[in-house]
Amino acid sequence: MYSFEIESPTSVADAVAALGQEEAQALGGGQTLIPSLKARLASPAVLVSLKNIDEIKGVSSDGGTVTIGGGTTHATVAEEVADSYPALSALAGNIGDPAVRNRGTIGGSLANNDPSACYPAAALASGATIVTNTREIAADDYFQGMFTTALEEGEIITSVRLPVPEKAAYVKFEQPASRFALVGVFVAKFADGVRVAVTGASEEGVFRWTEAEEALSGNFSADALSGLSVPADGMIGDLHGSGEYRAHLVAVLTKRAVAAAG
Amino acid sequence: MTKVTMTVNGKAVSKEVSGNTLMTEFLRDELRLTGTHVGCDTSQCGACVIHVDGKSVKACTMFAAEAQGAAVTTIEGMANADGSLSVIQQAFQDHHGLQCGFCTPGMVMTAATLLKENPTPSEHEIRDYLEGNICRCTGYHNIVKAIMAASGQDVSGIAAE
Ligand SMILES: Cc1cc2nc3c(=O)[nH]c(=O)nc-3n(C[C@H](O)[C@H](O)[C@H](O)COP(=O)(O)OP(=O)(O)OC[C@H]3O[C@@H](n4cnc5c(N)ncnc54)[C@H](O)[C@@H]3O)c2cc1C
Ligand code: FES
Ligand code: FES
């Protein structure tokens with residue numbers, strides 16, 4: 001690792017000021033950033049730890065919406081939304097392993113937007129709003145391709161607001177070594193329609209499978225999906241699975257998610 | 001350099017560290033607590049698991065500066081006050097839960113938080129919780145058995161394979 005200083009502000013305002021310094025970068029749970037610092041893929045002069053900022057931690061639930069602070073760990077999300085949003089709780093409780101879940105945060109996951117990460121699927125399928133220190137961004141506008149988001153330099157995710165669907169489920173086909181999603185599908189049924197978000201599959205990162213959404217909005221059952229498929233074109237192909245394999249998994253997992261959502 | 005103050009295995013510790021000092025480096029090189037092992041250094045293997053404020057974390061994927069004010073426990077802090085092995089450690093010995101022993105500190109630390117959260121886990125729950133702890137020797141079977149035994153459950157149904 002290159003050398004850097006760590007600052008630990010206790011308010012969003014102080015963190016934003018600290019991030020205004022030359023070559024400063026936010027540190028969430030470090031579960032993605034520390035490995036990339038070790039690999040010298042990043043070389044910040046200052047890391048601004050968000051860990052001591054209480055105002056961006058915790059979960060609240062109100063009138064069909066769950067609001068999660070950007071600095072909330074996966075373990076806390078799994079615990080706190082168990083009753084209010086069970087599908088999201090299950091997703092959070094299945095990220096990596098217990099030690100990763102005790103450090104990694106929802107804000108860090110959404111800021112990183114790894115093409116195989118779990119939370120982006122939940123945020124996109126729920127029609128979430130990403131709240132930062134300066135603005136609110138609809139999930140549909142937020143995710144802009146692999147490792148790319150609408151966030152500006154130095155912008156901090158302070159919270160995420162997720163409308164709670166009537167029925168929902170996330171099904172992930174685990175890549176057994178990394179425990180990330182080889183493909184993961186989040187299906188969310190709302191009163192006014194169904195949203196289907198797919199992670200792990202596309203070279204464009206998380207995406208909505210609109211054809212499936214239309215079919216499911218008329219008839220929320222796995223049968224409604226028979227015959228539907230996504231093209232293998234533009235799907236990630238690597239040593240873990242070809243583009244064709246991933247495309248096939250998208251259709252299979254969407255059916256399983258609908259069945260699991262009930 | 002920043003000054004960090006924390007308790008490690010009940011003792012107050014205060015040291016100057018650089019921003020990029022990992023918790024593994026702090027424990028092993030500064031405090032000479034070499035029970036916390038470094039297997040992969042890429043947050044995959046779990047040999048470095050310690051407790052920070054009662055929670056399992058991978059010490060290779062946390063900076064020492066982030067432990068400011070925390071209560072840290074390492075494998076060196078797991079034995080009973082009189083130096084005898086704790087229930088979990090003794091169960092690992094009794095049920096051959098280790099061979100080379102490299103993964104064992106992380107296994108014991110992870111097992112301890114599991115049993116705190118879930119005092120009588122099923123075999124499936126144990127295997128699931130150990131997802132981030134890799135062992136190259138035992139095939140996991142006797143580790144699972146040791147943890148079952150440490151939780152006071154009958155292990156006669158788990159055959160040694
Ligand atoms: C063994 C292992 C298994 C894993 N398995 C999975 C899995 O199955 N599914 C999954 O989804 N993920 C998985 N992860 C990734 C994990 O969820 C990370 O915790 C997460 O991707 C990053 O969150 P973090 O808080 O650790 O962020 P960090 O690593 O601290 O930061 C990541 C990036 O986000 C930025 N950032 C952090 N917080 C904020 C914020 N509040 N606002 C703006 N920018 C911010 C940082 O500057 C950095 O660029 C795994 C990780 C490991 C090590
Ligand atoms: S050394 Fe920390 S997980 Fe392997
Ligand atoms: S006993 Fe050798 S790695 Fe587990």
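Is Asp53(B) buried or exposed? Asp53(B) turns out to be exposed, with a relative accessible area of 53%, and since anything over 50% is called exposed, the label follows directly. The residue is worth a look for its backbone too, but the overall picture comes first. One caveat up front: this is a predicted model.

Chain A, to begin with, is built from ten helices and twelve strands. Its 262 residues would give a compact globule a radius of gyration near 18 Å, and the 18 Å found for chain A agrees with that. Laid along the principal axes, the C-alpha atoms of chain A take up a box of roughly 55 × 45 × 30 Å. Buried residues account for 53% of the 262 in chain A. As for contacts in chain A with a separation of 6 or more, 58% of them join residues 24 or more positions apart. On the outside, chain A shows an accessible surface of about 10700 Å², with carbon and sulfur atoms holding 47% of it. Chain A carries 17 positive and 31 negative charges, and the mean positions of the two sets sit 7 Å apart.

Chain B has five helices and five strands. Read from the N terminus, the order of these elements is β-β-α-β-β-β-α-α-α-α, so the chain closes with a run of four helices after the last strand. What does the globule rule say here? For 161 residues, a compact globule would come out near 15 Å in radius of gyration, and chain B, at 16 Å, agrees. The box filled by the C-alpha atoms of chain B along the principal axes is roughly 55 × 35 × 25 Å. In chain B, 52% of the 161 residues are buried. Of the chain B contacts with a separation of 6 or more, 54% are between residues 24 or more positions apart. About 7200 Å² of chain B is exposed, and carbon and sulfur atoms supply 50% of that. The charge tally for chain B is 11 positive and 17 negative, with mean positions 5 Å apart.

Now for the place where the chains meet. Chain B brings 20 residues to the contact and chain A brings 27. Between them, chain B and chain A bury about 2100 Å², and 52% of this area comes from carbon and sulfur atoms. On the chain B side, Phe63(B), Glu66(B) and Glu131(B) together provide 29% of the area that chain B buries against chain A, more than any other three residues.

Back to the backbone. Most residues other than glycine have a negative phi. Asp53(B) goes the other way: it is not a glycine, yet its phi is positive, at about 50 degrees. This residue lies in the loop that links β3 (49–52) to β4 (55–58) of chain B. His96(B) offers a second case, with a positive phi near 55 degrees in a residue other than glycine. The loop that holds His96(B) runs between α2 (87–94) and α3 (104–117) of chain B. His96(B) has a relative accessibility of 57% and therefore counts as exposed, the cut-off being over 50%. Put side by side, Asp53(B) is exposed at 53% and His96(B) is exposed at 57%, and each lies in a loop of chain B.

Technical notes: Residues are numbered from 1 along each chain as its sequence is written. Chains are lettered from A and ligands numbered from 1 in the order in which they are written. This is a predicted model: local features need pLDDT of at least 70, side-chain atom pairs count only at pLDDT 80 or more; totals for chains, interfaces and linings use all residues. Side-chain values use heavy atoms; hydrogens and water are left out. Helices (H or I, at least four residues) and strands (E, at least two) are DSSP runs, numbered from the N terminus. The radius of gyration is taken over C-alpha atoms; the globule rule is 2.2 Å times the number of residues to the power 0.38. Buried means under 20% relative accessible area, exposed over 50%, partly exposed in between (1.4 Å probe, protein chains only). Contact means heavy atoms within 4.5 Å. Accessible areas come from the Shrake-Rupley method with a 1.4 Å probe; for residues, only the protein chains shown count as cover. Lys and Arg count as positive and Asp and Glu as negative; His and the chain ends are not counted. The place of a charge is taken as NZ of Lys, CZ of Arg, CG of Asp or CD of Glu. Buried area is the accessible area (1.4 Å probe) that two parts lose on being put together, summed over both.
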